[in-house]
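Trainee: Please take a close look at one part of this structure with me. I would like to see how its strands are paired, and then what lies beyond them.

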Amino acid sequence: MRIVVADCSVDYAGRLSAHLPRAKRVLMLKNDGSILVHSDGGSYKPLNWMSPPCSLTAVELDEDQQAAGIVEAWQVTHKKTADKLIVSVFEVFHDSSHDLGVDPGLIKDGVEAHLQELLADQIELVGEGHTLVRREYMTAIGPVDILARDASGASVAIEIKRRGGIDGVEQLTRYLELMNRDPKLAPVQGVFAAQEIKPQARTLAEDRGIRCLVLDYDSMRGMEDQNTLF
């Protein structure tokens with residue numbers, strides 16, 4: 001990731017037009033080609049941005065730009081929509097690049113952690129004859145929430161989310177690619193489990209042979225309470 005603190009203006013052209021007048025801002029240029037423009041306020045939300053897939057190129061300055069005091073300019077173009085974001089830089093105060101490596105993903109919040117615990121105890125919800133192998137099965141890129149076996153003894157990798165989106169399916173896909181290289185586990189089936197699964201995530205999961213499972217958190221907690229009573 002490249003982080004630039006600069007005196008700059010920003011212009012966006014595409015489905016809508018927007019202009020940020022000259023001011024000091026933080027520019028975040030990510031390895032996926034995206035750019036985010038931040039001010040010292042407004043919490044986490046950038047003032048403007050360009051999401052991937054996109055590409056960044058340097059703009060050759062004309063005489064008018066040079067006369068206006070612009071020292072460099074970037075054009076970020078979206079590859080699908082052709083929308084453009086142009087950053088005009090007047091002065092650079094800081095410019096650094098950092099290799100952040102592979103991100104381990106978001107740490108589970110309380111509900112996701114509890115869902116994992118509940119599903120491990122109620123593994124039959126995944127399917128009749130399923131048995132738990134272990135929770136937090138570690139792979140080279142992070143832990144799979146649950147490793148189980150189905151009635152035939154085949155391995156099942158389960159990823160759990162509160163709200164299941166495309167990112168969660170991609171995460172499980174990466175786990176499955178690694179786990180299926182292990183002859184002791186392969187073939188490994190995938191189950192994407194969440195309280196709510198977005199239609200796009202369901203379509204992607206089914207296209208990749210991953211089964212979707214909607215979890216009823218209240219019902220699962222009720223079963224936990226009943227088990228406590230008896």
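Mentor: Start with one term. Two strands pair if DSSP finds at least two bridges between them. Keep in mind that this is a predicted model.

Now take β6 and β7. They form a hairpin, with five residues between the two strands. Look in the turn for Ala 82. Its phi is positive, at about 65 degrees. β6 covers residues 72–78, and six bridges join it to β7 in the antiparallel sense. One pair to find is Glu 72 with its bridge partner in β7, Val 89.

β7 has another partner. Strand β1, residues 2–13, runs antiparallel to β7, residues 84–97, and 12 bridges join them. Val 5 is a good marker here: its bridge partner in β7 is His 94.

Next, look at the rings of Phe 90 and Phe 93. Arg 22 lies over the face of Phe 90, 4.1 Å from the ring centre. Lys 24 does something for Phe 93: its charged end sits over that ring, at 5.1 Å from the centre. What about rings paired with rings? A search of the whole structure finds zero aromatic pairs.

Now move on along the chain. Here five strands make an open sheet, in the order β8-β9-β10-β11-β12, with mixed pairing. Its edge strands are β8 (131–139) and β12 (211–214), and each of these pairs on one side only. From one strand to the next, the twist averages 30 degrees.

Follow β11 to β12. Four bridges hold this pairing, and the sense is parallel. Phe 192 has Cys 212 in β12 as its bridge partner. Helix α4 lies across β10 (155–164), β11 and β12, and runs at about 170 degrees to β11.

Phe 192 also leads you inside. The largest nonpolar core has 18 residues; Phe 192, Ala 157, Val 169, Met 179 and Ile 210 touch the most other members. Elements that each supply at least two residues of this core are β9 (142–149), α3 (166–179), β11 (188–197) and α4 (199–207). Of these, α3 gives the most, five residues.

Finish on Met 179. Leaving out residues up to four places away in sequence, Met 179 touches Tyr 137, Thr 139, Val 144, Leu 147, Ala 157, Leu 185, Ala 186 and Val 188. Ala 157 is on that list, and Ala 157 is also one of the core members that touch the most others.

Key. Residues are numbered from 1 along each chain as its sequence is written. This is a predicted model: local features need pLDDT of at least 70, side-chain atom pairs count only at pLDDT 80 or more; totals for chains, interfaces and linings use all residues. Side-chain values use heavy atoms; hydrogens and water are left out. A nonpolar core is a set of buried Ala, Val, Leu, Ile, Met, Phe, Trp, Tyr and Cys residues joined through side-chain atoms within 4.5 Å. Buried means under 20% relative accessible area, exposed over 50%, partly exposed in between (1.4 Å probe, protein chains only). Contact means heavy atoms within 4.5 Å. Axes are lines fitted to C-alpha atoms, for helices over the stretch in contact, and angles run from 0 to 180 degrees between N-to-C directions. Rings of Phe, Tyr and Trp (its six-membered ring) pair if their centres lie within 6.5 Å; planes under 30 degrees apart count as stacked, over 60 as edge-to-face and the rest as tilted. A charge sits over a ring if NZ of Lys or CZ of Arg is within 6 Å of the ring centre and within 35 degrees of the ring normal.
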